[in-house]
Amino acid sequence: MKNYEFIENGYAIRMNRMDTPYPWVNYLTNTRLSAMISQAGGGYLWYKLPAKFRITRYRYNQLPTDAPGFYLYIKEENGETWCPTFQPMQDAKTERHSIHRPGETIYVARHGDTEARLSFYIPPDIDTLVWDLTLKNCGAEEKTYQVYTYADLSQYNWSSEQSFGYYWQHMIRTTYDADNQILYYTCNYKYDDYTVKTSPLVYIASDQPLVSFCGDRDAFIGNYRSEANPIALEQDKCNNEEIASGNGSAVLHVTLKSGAGESVGAHFFIGVTEGAMVDYQKARADALNAVTRLRDASYVTAQKAALDARYQAHFSHYLCEIPDKVAQRQINYWGPLNAMQFSLFHPTPQPSAPGVRTIGARDKLQAIMPMVYRDPAGVKKSLLFMLDAQYTNGAISHNIRGMMDEFSIPGAFNLKKLKSDDLLWIPFLAYAVAAEGDPSYLVTEKVGYCDLDGNHIDQKETVWEHLMRVVGFTQTHLGEHGIPLMLDGDWNDIISKFSHKGKGESVFAGQQYVAVLNKMIEMAEYLGKTEDAATLREWREQQCESLLKHAWNGKWWYRCFNDEGEPIGAESDVFGKLWLNPQSWAIISGVGSKEQNDAAYTAVEEILDTGYGLKLLTPGFKTYPEVMDPFSPYNPGTSENGAIFCHAHTWSIIAESKRGNAEKAWKFYNDLIPHNLHESLGTETYKSDPFGWVSNIVGPENSKHGWGNVIRLTGTCSWMNIAATQYLLGVRTTLGGVKFDPCIPADWKTYRVERDFRGCRLLVTFENPNGVSKGVQSITVDGETLAGNFLPVEKLNGKREVTVTVTMG
C-alpha cells in the first residue's frame, strides 16, 4: 500500500503510513482558535497567539517524537485499550489510516470487531476544538465501551513555561462544575495588559453524561509512565481530581453502548472564552452558553457545514483546469490552503518550531499577498495595520511585537537592526490591494505612524504618502556605488556579514528597489501625481544606471558589495561564486539587457539546478572549525548557505516565465511540488509531507541532502501561488484591468481559469491553436474581440460574470 493517496478529487489526502519520517500536519482554525494536528494524533491547541495563549502542550526536538496530542482511549469489556490515533499506544493490532481535509482531520481505525471514526475540527462561530467520535460494533453481541479523552494542558505562555514553569505550576487550576458537567482550566499569571484582557478560560465538556473526569495529569498518567500506559485506565474510572498546583489535564470519561451491527457516537469539546482574568463569572457564563449550544447536535452539524462551505468559498476565488493534474491539484487546493495558513500563522507554529516569533515585517507583508484576491478587504486592513507601525522616516522594524490587526509595538528605530528589504515589500502589497479593489484608497485612506521611539502618534497621512516615505528612505540610504545599503542584511538575513561597518550594499535590494519604483510609477500615473511620477522615474533611472555600471561581472550579477567596496559573487570567488536572487530579480525588475540576463540564467541552469530545486548560492561557505570567522554558522548546503531555498526558487519561476522559457518555468514549478519531491527523492529522504510547501531543502553539499524542512509557514507558499496563477497561467490584475500573459508548455491546446475580480467572475478559456508558449493575439469578452492581451476594467462594469476567450499566437 502506498504511503499516501490523494482522495476526493485531490481535495483531501489519506495517509496509510502512520510512522512518517516527520509529522505530516494539518492546521485547524477559525482564525481565533487554532490547532496543529498530525497524521498520528500529535499536536496542540492555541488561542490567537501560540506564544501567549497555548492551551495544550507539545514537545519539540524530543523523544518520543510528535507528542503529546489529542488522544482518545477506548477500553473494551475484556480490558483491552486502544486508540483510533497511532499515538500514543502504537499497537500493531489496530488497523489505521488518517485523512487531512481543509479544516478537518479524521482518524479511521479498526480493532477487532470495532470500527472507529474520530474527526477533529474547529467551528467557524465558536472557539472550540470538536472531537467527533463514532464507534461501530461489527460483532454479533452488544458492546460497552469506556471512552477517555486526554490532552496535556499548558501554562499558556510557552517561553515562560520553559524557563519558569516550576513556579508557574502553582498558578494553574482545574475546577469542575458538577451541575453542568464541565471541567474548567485557568492559568493566572499576568504578563501584560493585553494578556490580562485576553487570557482565556478553558472549558472541557461532552454531549454525553460523564462517568468521571481528571484535571490532574500526574494522577491520570502515573509515576514514570507515559501517555502510552496511563495508570488511570487500569481502574474502573478516574478519581475526579481537581487541582490548584501541578499539571492540568483534559480527561473526560463516558460510557458508550452499541448493539450488534450498530453505531454509537459522542462529541467532546475543548474550547475557550476570553477575559477570565477580567471578569471570571462572565467568562464562566459565556463558557456555559457555548457548551449548551454545542450539546445541541443540530448546532454542531450546522457549524460543520458552515466550516466546509467556508473552505469551498476560499478555493472558489481562483480555480483552473489544466492538462497537468498534479499541478492543478496544488494550484486549486493545497497551495491556496497553505497560503491561508501562512497568512494566519506567521509566528511559525509547526512540529519543529514553537511559534514564538514576533510579527516579521517582510514575512507578514509577503504572507498576505496571495490572499488579496480571496479576501481583499481583510488584506487591506492588514496593510493599514502594518503601515501604522511604520516610522515617520519611512522605515519599518524587522520585528514587531503585538497581535496582527489588534495592536503593534515596533520598538525604537535602530538603523543597525533594519533589513534593507523589509520596507520595500510594502509597495508590492499596496499595489496588489489597489489592483484587486479600488485604487482610490491610495489617496483616500489615511493611517498613522510611529515616531522614532516606537510610539504611535496622531500624525496621519494617505497610503500614498506612506509609500513615498518608503522609497524616500531607500533613496537616502544608498552606498558608494549608488546601490541600497545592506544595513543589517536584506532578504538573506545572514548576508549582513558583509556589512558590519554599515557600508555594504545589496545588489538584490537595488533590483528590488527598481521593481518597487516600477510599481510606484504606475500608481503615480494612474493617480495623476505628475510630480511624484517624475521624481520616481528619475530615481529609477539612477538606480538602473548604478546597477548596470557596477553590479554586472561579465557572466552574471554580483550579490552585493562588502564594507570595503569589494564585489561578492565573482567567478573567481572560492565560496559564494554564484547567487540566485540577483539573477532572478534582474529580470523581475527589468534591469539589464536580454543578453545579460540570458547569460545569467544559462549559469543558473548549469550551476545551481540540482534536479530538485535551485541552490541559493554555490559553493557554500565553509564554517567552523575550518573557518574561524565564517560567513555563516550554517553548514554548507543548509538554509541560506547553499540549500535549495524554495522561497528564492519561486522567483526563478517568475523570471523564466517573463523570459518566455516555458520548459524551465514549469520544470522549476513542478520540481518543488511536494508530491513530486516524494516521487523524485523518496519519502525517507524528503521526509516532509506531500502537500505543503517547505522553506528549504538541504543541498547536495550536505549528507542530509534532499531533506525538506521548515514546513508550510514560509514565503514559498506565497510566491508559488503568485508564480503559478499570475505568471504561468498568466491572469494578472493591474490598476486598470486584467492582463493575460501566460507561459505554458507548447503542447497545451487549451486550459481554463475562473477567478474573481472586483465583484465580477471571469470565466477564461485559453486557446493555443498554433502551439506557442508565450504571446497573446487577442481576447474576446462576451463576444467582443479586443486586440492584444489587456481587458480594461470598464468592460466589466455592472457585470457579475463575463466569458473571456484568450487566443494565443
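# A guided tour of the predicted model

Begin by selecting strand β25 (residues 399–403) together with β26, two strands that pair in the antiparallel sense over three bridges, where pairing requires that DSSP finds at least two bridges between two strands. The strands (E, at least two residues) and the helices (H or I, at least four) of this tour are DSSP runs, numbered from the N terminus. This is a predicted model, in which local features need pLDDT of at least 70 and side-chain atom pairs count only at pLDDT 80 or more, while totals for chains, interfaces and linings use all residues. Residues are numbered from 1 along each chain as its sequence is written, and side-chain values use heavy atoms, with hydrogens and water left out.

**The sheet around β25**

Stay with this pair and pick out M403, whose bridge partner in β26 is F407. Adding β24 to the selection shows an open sheet of three strands in the order β24-β25-β26, with antiparallel pairing. The edges of this sheet are β24 (359–360) and β26 (407–409), each of which has a single partner strand, so one side of each is left without a neighbour in the sheet.

**A second open sheet**

Next, select β29, β30 and β31, which form an open sheet of three strands in that order, again with antiparallel pairing. Here β29 (505–506) and β31 (567–568) stand at the edges with a single partner strand each, so one side of each lacks a neighbour in the sheet. Between β29 and strand β30 (residues 560–561) the antiparallel pairing runs over two bridges, and S506 can be found opposite C560 in β30.

**The hairpin near the start of the chain**

Move now to β1 and β2, which run antiparallel and are joined by four bridges; within this pair, E5 stands opposite R14 in β2. The hairpin of β1 and β2 has four residues between the strands, and E8 takes a positive phi near 55° there. Select N9 as well, which lies in the loop between β1 (4–7) and β2 (12–15) and has a positive phi of about 60° although it is not a glycine. Most residues other than glycine have a negative phi, and most peptide bonds are trans. Is N9 buried or exposed? N9 is exposed, with a relative accessible area of 77%, where exposed means over 50%, buried under 20% and partly exposed in between (1.4 Å probe, protein chains only). On from the hairpin, β2 is joined by three bridges to strand β9 (residues 95–101), and these two strands run antiparallel, with M15 opposite S98 in β9.

**Backbone details to look for**

For another positive phi, select Y156, which is not a glycine and has a phi of about 75°. Y156 is found in strand β14 (residues 153–156) and, at 0% relative accessibility, counts as buried.

Two cis peptide bonds come next. One runs from A67 to P68, with omega near -10°, and P68 has its place in the loop between β6 (54–56) and β7 (71–75). Another joins T618 and P619, with omega about -15°, and P619 lies in the loop between β33 (617–618) and β34 (644–645).

**Helices α8 and α9**

Select helix α8 (residues 376–387) and helix α9 (residues 425–436), which pack at an angle of about 150° with their axes 10 Å apart; axes are lines fitted to C-alpha atoms, for helices over the stretch in contact, and angles run from 0 to 180 degrees between N-to-C directions. That makes α8 roughly antiparallel to α9, a term that applies to angles over 145 degrees, whereas angles under 35 count as roughly parallel, 65 to 115 as roughly perpendicular and the rest as oblique. To see the contact, in which heavy atoms lie within 4.5 Å, show V379, K380, L383 and L387 in α8, which meet I426, L429, A430 and V433 in α9.

**Helices α17 and α20**

Finish with helix α17 (residues 662–672) and helix α20 (residues 715–728), whose axes come within 12 Å and cross at roughly 150°. That makes α17 roughly antiparallel to α20. Where do the two helices touch? In α17, A665, W666, F668, Y669 and L672 meet M720, A724 and L728 in α20. Colour α17 by accessibility as a last step: this helix is mostly covered, with eight of its eleven residues buried, among them A662, N670 and D671.
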